[in-house]
Amino acid sequence: MANCIIASTSTVYGSQPLEYLNDALTELYSGIDEILFIPYARPGGITYDEYTSSVTKAFNKINKRIVGIHTFSNPAEAIENAQGIFTGGGNTFLLVDQLYRNKIIEPLKQVIHSGTPYLGTSAGSNICGLTMQTTNDMPIVYPPGFKTLGIFPFNINAHYLDPDPDSTHKGETRETRIKEFHTLNPQPVIGLREGSWLRIKGESIILEGSLTARIFEQNKTPYEIEPKSTLSKLN
């Protein structure tokens, strides 16, 4: 049974990385000493070691040890033996490309469904949907496929932004892009705002944080859901 936190972002304005999630992470990783970190998304192009080092500092505050998956010769085995897992943000195309090339899509899916505690932020959350096709990232690489873990039966749009009525920018909004997605794809999309996350326990999926989330369903008018709402029946 899945045990996950699926967050829009690692860092909210005015706080340190993961600080706003500290209480939730303490509960998620209760009884766990070591967390396997997947740094493949490489935000800003930083190295795996640099990314792992920065994450280590954040997890020191809740007394958890971090080990990067890139330090293992067998990534699939590392996942299968992990006490807990965290996949960080960055570029979703790059992350998915590396998950495929290291042959860990299926092992990761299996251990999450078996109950290994999992945290995803940004790109690490995008991969928990049916596909990665509602990411905001540039396609800097061409992954072998867009299908992802399917931990829940919808897609995520992390860092969701509402249209600014005072903006002079005439380009596409997030809502416009998601409507384009729905001309060809049926699954719902959750617009997850900064500081919001999904708490998954078994079949339960609850919106956490102080903000509403915007729900997009094919051929329906988008609508808002309140914090503590369930998304378990959304498909």
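Which residue in strand 7 is the bridge partner of Asn155? In this predicted model, the partner of Asn155 is Val189. The pair belongs to one of the sheets described below, and the report starts with that sheet.

## The four-stranded sheet

Four strands make up an open sheet with mixed pairing, and their order is 6-7-10-11. Strand 6 (155-158) and strand 11 (223-225) are at the edges, each with a single partner strand, so one side of each has no neighbour in the sheet. From one strand to the next, the twist averages 30°. Strand 6 and strand 7 (residues 189-192) run parallel and are joined by four bridges.

Helix 7 (residues 174-182) has Glu175, Ile178, Phe181 and His182 as buried residues. Viewed down the axis of helix 7, these residues fall within an arc of 115°, so they line one face of the helix. A general rule helps in reading this: an α-helix has 3.6 residues a turn, so residues three or four places apart point the same way. The buried residues of helix 7 pack against strand 6, strand 7 and strand 10 (213-216).

## The seven-stranded sheet

Another open sheet has seven strands in the order 3-2-4-5-1-8-9, again with mixed pairing. Its edge strands are strand 3 (65-68) and strand 9 (204-208), and each of them pairs on one side only. Neighbouring strands in this sheet are turned against each other by 20° on average, with direction ignored. Helix 2 (residues 48-60) packs on the sheet and touches strand 2 (34-38), strand 3, strand 4 (85-87) and strand 5 (118-121). The direction of helix 2 makes about 165° with that of strand 3.

Strand 1 has strand 5 and strand 8 beside it in the strand order. The table sets out how strand 1 is joined to each.

| Strand joined to strand 1 | Bridges | Direction | One bridge pair |
|---|---|---|---|
| Strand 8 (residues 197-201) | Five | Antiparallel | Asn3 and Lys201 |
| Strand 5 | Four | Parallel | Ala7 and Thr121 |

Is strand 1 enclosed or open to the outside? Five of the five residues of strand 1 are buried, so the strand is largely enclosed by the rest of the structure. Asn3, Ile5 and Ala7 point one way from strand 1, while Cys4 and Ile6 point the other way.

## Two cysteines without a bond

Cys4 stands opposite Ile200 in strand 8. Its relative accessibility is 0%, so Cys4 counts as buried. Cys128 is also buried, with a relative accessible area of 0%.

Why is Cys128 not bonded to Cys4? A disulfide is a covalent bond between the sulfur atoms of two cysteines. The sulfur of Cys128 lies 6.0 Å from that of Cys4, its closest cysteine sulfur, and this is too far for a bond. The cut-off used here is 2.5 Å between the sulfur atoms. By this rule, the count of disulfides is zero.

## Nonpolar cores and helix 5

As a general tendency, nonpolar side chains in soluble globular proteins are buried together. The largest nonpolar core of this model has 45 residues, and Leu108 and Leu231 touch the most other members. Leaving out residues up to four places away in sequence, Leu108 touches Ile38, Ile79, Ile85, Leu99, Tyr118, Ile127 and Leu149. A second, separate core has 20 residues, including Leu25, Tyr29, Ile32 and Phe86.

Leu108 is one of the buried residues of helix 5 (residues 105-113); the others are Ile105, Pro107, Val111 and Ile112. These buried residues pack against strand 1, strand 2, helix 3 (75-81), strand 4, helix 4 (92-101) and strand 5. After helix 5 comes Gly115, with a positive phi near 110°.

## Positive phi outside glycine

Most residues other than glycine have a negative phi. Arg42, which is not a glycine, has a positive phi near 45°. Arg42 lies in the loop between strand 2 and helix 2, and it is partly exposed, with a relative accessible area of 30%.

His159 is not a glycine either, and its phi is positive at about 60°. The loop between strand 6 and helix 7 holds His159. With a relative accessible area of 23%, His159 is partly exposed.

Methods
Residues are numbered from 1 along each chain as its sequence is written. This is a predicted model: local features need pLDDT of at least 70, side-chain atom pairs count only at pLDDT 80 or more; totals for chains, interfaces and linings use all residues. Side-chain values use heavy atoms; hydrogens and water are left out. A nonpolar core is a set of buried Ala, Val, Leu, Ile, Met, Phe, Trp, Tyr and Cys residues joined through side-chain atoms within 4.5 Å. Buried means under 20% relative accessible area, exposed over 50%, partly exposed in between (1.4 Å probe, protein chains only). Contact means heavy atoms within 4.5 Å. Two strands pair if DSSP finds at least two bridges between them. Axes are lines fitted to C-alpha atoms, for helices over the stretch in contact, and angles run from 0 to 180 degrees between N-to-C directions. The arc is that of the directions from the helix axis to the C-beta atoms.
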